[in-house]
Amino acid sequence: MTLAVRYLAARTLDTAPAENPPPGPGQVEIAPAYVGICGTDLHIFHGDMDARVAAPAVLGHEMSGRIVRVGAGVADWSPGDAVTVMPLRWDDTCPACRAGHQHICQHLDFIGIDSPGAMQQRWTVPATTLVRLPGSLPLDHAALVEPTAVAVHDVGRAQVRAGEKAVVVGGGPVGVLIALVARAAGAEVRVVELSSHRRRLAEKLGLTTWDPAADDLPGLVGEWTGDAGADVAFEVSGAQGGVDTAVDVLGVRGRLCLVAIHPRPREVNLHRFFWRELTLVGARLYDRTDFEKAVTLVADGTVPAEQLISKVVPMAQAPDAFEALEGGGDVMKILVDCTDDSQGAAQ
């Protein structure tokens with residue numbers, strides 16, 4: 001038995017022993033060190049994904065850890081290796097896979113949602129999902145590789161180029177990561193965020209922020225761009241107001257990259273799309289190249305992980321951490337420490 005954080009029903013989590021199978025052929029067993037809580041985990045916690053998540057479900061897909069055991073036929077990996085996991089399992093047979101888009105397989109198993117996740121003391125996964133971590137990278141920082149890979153993919157989908165002006169609407173964890181990755185690509189970036197706490201954090205990272213409740217956004221955009229409008233906008237807020245802002249800030253032939261998961265259809269100013277010949281692109285998940293670049297960005301400090309981690313809690317406090325994240329404004333990223341053996345798990 002191993003201790004795990006499990007989703008039982010809407011707004012109900014527990015920390016309890018759970019079965020973890022030993023590694024079979026082509027699999028590895030990992031001892032997760034740190035697991036981040038993300039927006040998708042909160043959707044699960046709220047019961048919004050019950051049609052997809054079979055309770056009791058072990059959550060978590062933003063992780064770092066070390067290999068404990070390897071199964072038969074696993075080469076190039078050994079116990080003690082520091083790893084993160086790209087939590088995608090695809091079928092390689094559907095039209096999306098055959099077209100080379102395995103990360104959005106039409107029958108995708110997103111590990112940590114569709115199958116057991118990382119928020120446990122032992123976790124068995126396919127060796128093909130492993131991504132190697134440099135020995136110099138602290139494991140708590142490495143738990144931010146997965147959300148950074150999301151940002152890398154988003155910036156790539158938006159085709160951000162050096163010298164362009166980019167607006168990120170939503171200054172939560174993914175929004176800030178997108179801003180940092182876009183800045184590293186050479187773009188000038190502005191972050192639009194209602195929360196004063198998140199604006200302050202973004203500004204500590206050297207980002208310029210705008211408050212949509214108090215600032216004259218059209219005037220600021222005009223002054224910043226010489227009335228041309230931004231080249232690219234990222235919608236990361238998940239709100240109708242965020243959609244409106246992301247469309248309105250764009251200049252002629254601007255690109256809107258949709259990142260947030262919108263739980264319901266939204267109104268979109270299609271006349272603006274027509275009038276300015278705008279482009280809308282969706283961005284979902286990542287591929288291995290995105291993940292490997294994310295490792296580099298976290299390891300070299302381009303993504304200052306230490307400043308983004310609000311707190312680290314033991315597994316027994318994970319339910320409280322989910323509730324703390326619901327408020328959003330006063331915390332950025334909470335990690336669950338899965339290495340604490342003092343909580344009664346069978347080893």
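Which residue stands opposite Leu13 in strand 2? The residue is Tyr7, and this pair makes a good way into the model, which is a predicted one.

**The sheet around strands 1 and 2**

Strand 1 (residues 2-9) pairs with strand 2 through seven bridges, in the antiparallel sense. Together with strand 4 they form an open sheet of three strands, in the order 2-1-4 and with antiparallel pairing. Strand 2 (12-18) and strand 4 (57-58) are the edge strands, each pairing on one side only.

Two backbone details belong to this part of the chain. In the loop between strand 1 and strand 2 sits Arg11. Its phi is positive, near 65 degrees, in a residue other than glycine. The other detail is the peptide bond between Ala55 and Pro56, which is cis, with omega about -5 degrees. Pro56 is placed in the loop between helix 1 (39-45) and strand 4. As background, most residues other than glycine have a negative phi, and most peptide bonds are trans.

**Backbone and exposure in the loops**

Asp92 is another residue other than glycine with a positive phi, near 65 degrees. Asp92 belongs to the loop between strand 7 (88-89) and helix 2 (95-98). The table sets out the accessibility of three loop residues.

| Residue | Loop | Relative accessible area | Class |
|---|---|---|---|
| Arg11 | strand 1 to strand 2 | 44% | partly exposed |
| Asp92 | strand 7 to helix 2 | 47% | partly exposed |
| His103 | helix 2 to strand 8 | 13% | buried |

Why does His103 count as buried? Its relative accessibility is 13%, and buried means under 20%. Leaving aside neighbours within four places in sequence, His103 is in contact with Leu88, Trp90, Leu108, His153, Arg284, Leu285 and Tyr286. One of these partners, Tyr286, turns up again in the largest core, and another, His153, is a buried residue of helix 4.

**Strands 3, 5 and 6**

Strand 3 (residues 27-36) and strand 5 (residues 62-70) are joined by eight bridges and pair in the antiparallel sense. Within this pairing, Val35 stands opposite Met63 of strand 5. Strand 5 is also joined to strand 6 (residues 82-85) by two bridges, and these two strands run antiparallel. Here the bridge partner of Arg66 is Ala82 in strand 6.

**The nonpolar cores**

The largest nonpolar core has 101 residues, and Ile30, Leu130, Phe234, Tyr286 and Leu308 are the ones that touch the most other members. Helix 5 (residues 173-184) supplies the largest share of this core, with seven residues. A second, separate core has 16 residues, among them Val192, Val249, Leu250 and Leu256. In soluble globular proteins, nonpolar side chains tend to be buried together.

What does Ile30 touch, not counting residues up to four places away in sequence? Its partners are Met63, Gly65, Arg66, Ile67, Val68, Val83, Val85, Gln121, Arg122, Trp123, Val125 and Leu130. Met63 and Arg66 are familiar from the strand pairings, as the residue opposite Val35 and as the bridge partner of Ala82.

**Helix 4**

Helix 4 (residues 145-157) has 13 residues and reaches 18 Å from its first C-alpha to its last, close to the 18 Å expected at 1.5 Å a residue. Because 11 of its 13 residues are buried, helix 4 is largely enclosed by the rest of the structure. The buried residues are Val145, Glu146, Pro147, Thr148, Ala149, Val150, Ala151, Val152, His153, Asp154 and Val155. After helix 4 comes Gln159, with a positive phi near 55 degrees.

**Helices 8 and 9**

In helix 8 (residues 240-248), the buried residues are Gly242, Val243, Thr245, Ala246 and Val247. Their cover includes strand 11 (165-169), helix 7 (217-225), strand 14 (230-235), strand 15 (250-258) and helix 9 (270-276).

Helix 9 contains Arg272. Is Arg272 buried or partly exposed? At a relative accessible area of 22%, Arg272 is partly exposed, because buried means under 20%. Not counting residues up to four places away in sequence, Arg272 touches Val247, Asp248, Leu250, Glu277 and Leu278. Of these, Val247 is among the buried residues of helix 8, while Leu250 is a member of the second core. Between Arg272 and Ala99 the C-alpha to C-alpha distance is 32 Å, and they are 173 residues apart in sequence.

How values were computed:
Residues numbered from 1 in each chain as written. Predicted model: local features only at pLDDT ≥ 70, side-chain atom pairs only at ≥ 80, totals over all residues. Heavy atoms only, no water. Buried < 20%, exposed > 50% of the residue type's maximum accessible area, 1.4 Å probe, protein only. Helix = DSSP H or I, 4+ residues; strand = E, 2+ residues; numbered from the N terminus. Contact = heavy atoms within 4.5 Å. Core = buried A, V, L, I, M, F, W, Y, C linked by side-chain atoms within 4.5 Å. Pairing = 2+ DSSP bridges. Expected span 1.5 Å × (residues − 1).
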